[in-house]
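Thanks for coming. I will take the ligand site and then one sheet.

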Amino acid sequence: MRCASMIDMIDLIRKKRDGFALTAEEIDAFVQGYTAGQVPDYQAAALLMAIFLRGMTDEELRALMEAMIRSGEVLDLSTLSGPKVDKHSTGGVGDKISLHLAPAVAACGVLVPMISGRGLGHSGGTLDKLESIPGFSTCLSIQEFLSVLRRCGLSLIGQTDRLVPADKKLYALRDVTGTVESIPLIAASIMSKKLAEGIDALVLDVKVGSGAFMKTRSQARQLAETMCEIGRRAGKRVTAFLTDMSQPLGRMVGNAAEVNEAVAVLRGRGEPDLIELTRALGGEMLRLGGLVTDEHQGAARVEQALAQGEALRRFAQCALLQGARVDLAHAAEADAWMGCNLHPAQPLPSPQAGYVVSIDAQAVGLAGVELRAGRKRKEDDIDPAAYIRLDRKRGEAVEAGEPLCHVGAAPDLPPPQREAALRLLRSAYQIGPEPPPSVPLILEVLR
Ligand code: URA
């Protein structure tokens, strides 16, 4: 491969901009050059935008994903006994499923070596949520990652300088350059991380709707099929679920608040949509791991692990091993349980009586970004205590003046940002005289 300093990035950008396919060698030189800091952000951003607008051929996508994997190491988990299965979501609003799903499945005997991401665009990220637990480190060495995995059956980390470092940099750049919603860029990002994990099987949760990067079912199906094909070609068992993201999942949006909500699921409670998806994805993970003969048996095992507290114990153990300064299994249940007091909240009253017909999940996610629960620039700090609580969800009745949601914002948040968040939330809720028809959470399963 050519050394990155020898590639002419301007030629590459022009070539892609004008609709020509890049060679595998050019893509590799770009990926390694950017990872090594030899290609500046502005040229990488221009190339990402050209890819976003022009798309990629199957060969280019494969070359991009393989170059991203090659930017770091691929884990060898062959010395660990037991099936190794992961789950990855394409990103949504209020999607905290990984936090309780990974320990629930680990409690059933699957090893879950999970490399996750930060918030992307309007969507939340598992790493930002975990880091709202004081002390929790998502940046482990490979040895530490394997040691946590061996001891409690799961470990949750981010991309590092040795594991898909190219995705670490490209992901952060895409977040702030309007280049997220691209099938090849999402597929390469997700599958490079998952194939570097050394897993046997993968369950993909491909979100569809306003809060997802794929707004229509056909786009989501195309993304799902692309990723399934990549995974199967690499010898992995893969199932993709297409699931509804036209309203947020659960009732909490915001980092610490979402950890709270996930811990409620680990305590055997939790919102029905969270439980339904956890059962379905977890049941399939157990099936792909060969621990059960069908997904229904798997779902029942996952539910048992949640109900009996074993999933909570696993999560608490994982958190302590990854540096958390609070024992989640024994912490009190108040909002302050993890040392991160949520901000005081203000209600957003309903302008009229009726039923919630829809909640635009993207607008809710963008309101979260205004509250600093997500980033507008790469260097922005996250406010872990900012949140939105959805008092009403689709189909629920509300009286005029009753709260649709509550908004927890830092006292020093500039008033224009607070106002922008409230405006987005007001526009997100549609109220009508009749309850809307129900929308299934699980739209399709591709096996
Ligand atoms: N999740 C990822 O890991 N990458 C994307 O691009 C989108 C969701």
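What follows covers the ligand surroundings and a small part of the strand pairing.

This is a predicted model, where local features need pLDDT of at least 70, side-chain atom pairs count only at pLDDT 80 or more, and totals for chains, interfaces and linings use all residues. Residues are numbered from 1 along each chain as its sequence is written, and side-chain values use heavy atoms, with hydrogens and water left out.

The ligand first. The residues around it, meaning those with a heavy atom within 4 Å, include His88, Leu120, Tyr171, Arg174, Ser189 and Lys193. By class, this shell has 4 nonpolar, 4 polar and 2 charged residues; Tyr counts as nonpolar and His as polar here.

Which elements each supply at least two residues of the shell? They are strand E1 (85-89), helix H8 (165-175) and helix H9 (183-196), taken as DSSP runs of at least four residues for helices and at least two for strands. H9 gives the largest share, 4 residues.

Now polar contacts, which are N or O pairs within 3.5 Å. Side-chain polar atoms of His88 and Arg174 lie 3.0 Å and 2.9 Å from an oxygen atom of the ligand. For Ser189, the partner is a ligand nitrogen, at 2.7 Å. The protein buries 97% of the 240 Å² that the ligand exposes alone, by Shrake-Rupley with a 1.4 Å probe.

Now the sheet. Three strands form an open, antiparallel sheet in the order E10-E8-E12, where pairing needs at least two DSSP bridges. E10 (397-398) and E12 (429-432) each have a single partner strand, so one side of each lacks a neighbour in the sheet.

Terms used: Polar contact = N/O pair within 3.5 Å; in protein donor to acceptor, adjacent residues only side chain to side chain.
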